[in-house]
Amino acid sequence: MIVLVLLALLFQISYGQEFYGINHVNRLYNSWQNEYDGSSTGDTLYIACGDNVRGRVVVTMFDCHDPDNIHEFNSFPLHELYYLSMNSRDNLVFIGHSSGMRIFSLDPDGSCYILGNFEHHSGITALWLFGQNAFLGTEDGRFIVLNLEDPQNPHLISTVDLGFAPTQIKGSGSSAYVTGERFVILNIVNPENPEITSTLNRNGLDLEIIGEIACIAIGDDGIRFYNVSDPEDPFETGHIRNSSQHLEQLDGRLVTGYHMVRFEEDILSPFCSL
């Protein structure tokens with residue numbers, strides 16, 4: 001439910017279409033001018049909104065415990081940070097910005113303080129938490145791995161040159177998946193020495209991994225689906241022409257905006273019917 005509301009807040013919903021069992025689930029119109037991104041942990045939803053140019057980006061927190069009474073309960077400003085990406089875990093919020101990553105710790109009453117910082121010469125365009133590590137994408141085209149065992153002192157353990165700025169990173173099993181100007185799969189069995197397994201010339205704005213299917217949002221051309229059961233040989237298995245810029249998955253279901261749709265598990269596998 002949290003993810004569904006998140007996407008509804010992030011994207012105005014255009015006229016929908018229903019086919020192959022795809023159905024609209026939920027929506028909530030927003031009242032903000034600019035929304036950048038969001039994340040959720042448990043029953044708490046975080047939305048970054050405001051104006052980067054004026055240095056007025058604020059992270060707003062929503063209580064989603066009761067889906068019929070979702071409400072804002074606190075917020076905190078990012079002050080001088082130029083916002084680029086976000087993720088969250090437990091009571092921690094990770095903000096990727098133009099010169100690194102900042103970790104905020106939230107108290108039960110909603111107040112927050114800066115727990116740690118990772119300084120980097122280039123902006124953090126994508127951020128994914130995976131075990132004790134964080135996978136980051138940078139504006140100068142790199143995939144970097146941080147160790148988060150001590151969140152007060154995150155430290156760099158490896159770097160891979162991708163040649164493009166990632167728009168999204170996701171991890172699953174022994175692989176990390178990166179989208180941007182290309183779609184790249186990396187072997188992360190050893191986080192201190194990740195290796196590129198395969199590369200496809202498929203640009204993407206966002207990415208989700210459901211089982212052995214990689215779902216890539218590509219804007220007005222919709223969503224393309226790739227079988228990644230063999231990371232060395234991914235291949236396309238389907239294409240839906242619903243404009244999509246953002247994806248999230250919830251319990252094996254794919255949620256996408258502009259259109260708020262839910263893809264049932266039996267559609268994702270084998271997916272050839274699409």
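Which residues is T138 in contact with, leaving aside its neighbours within four places in sequence? I will come to that in a moment. First, a caution: what you have in front of you is a predicted model.

Some overall figures. The protein has 274 residues, and 52% of them count as buried. Its secondary structure consists of 23 strands and 2 helices. About 12400 Å² of the protein is exposed, with carbon and sulfur atoms supplying 43% of that area. If you take the contacts with a separation of 6 or more, 41% of them are between residues 24 or more positions apart.

Now T138. This residue sits in strand β10, which covers residues 133-138. Once the neighbours within four places are set aside, T138 touches H120, S122, G123, I124, T125, I144, F164, A165 and P166. Take S122 from that list: in sequence S122 and T138 are 16 residues apart, while their C-alpha atoms are 6.1 Å apart in space. Is T138 buried or exposed? The relative accessible area of T138 is 0%, and the cut-off for buried is under 20%, so T138 counts as buried. The T138 side chain also has a polar partner, since it makes a polar contact with the side chain of D140 at 2.4 Å.

Next, one of the sheets. Strands β5, β6, β7 and β8 form an open sheet in that order, and the pairing is antiparallel. At the edges are β5, residues 83-89, and β8, residues 112-119, each of which pairs on one side only. On average, neighbouring strands of this sheet are turned by 20° against each other, direction ignored. As a reminder, strands of a sheet pair through backbone hydrogen bonds, in a parallel or an antiparallel way.

How many bridges join β5 to β6? There are 6, and the two strands run antiparallel, with β6 spanning residues 92-97. One pair to look at on the screen is R89, whose bridge partner in β6 is L92.

Last, the cysteines. How many disulfides are there? The count is 0, with the rule asking for a pair of cysteine sulfur atoms within 2.5 Å. Two cysteines can be placed by their accessibility. C49 has a relative accessibility of 8%, which is under 20%, so C49 is buried. C112 comes to 28%, which lies between the 20% and 50% cut-offs, and therefore C112 is partly exposed.

That is what I have for today.

Technical notes: Residues numbered from 1 in each chain as written. Predicted model: local features only at pLDDT ≥ 70, side-chain atom pairs only at ≥ 80, totals over all residues. Heavy atoms only, no water. Buried < 20%, exposed > 50% of the residue type's maximum accessible area, 1.4 Å probe, protein only. Helix = DSSP H or I, 4+ residues; strand = E, 2+ residues; numbered from the N terminus. Contact = heavy atoms within 4.5 Å. Areas by Shrake-Rupley, 256 points an atom, 1.4 Å probe, with all protein chains shown as cover. Polar contact = N/O pair within 3.5 Å; in protein donor to acceptor, adjacent residues only side chain to side chain. Pairing = 2+ DSSP bridges. Axes fitted to C-alpha atoms, helices over the stretch in contact; angles between N-to-C directions.
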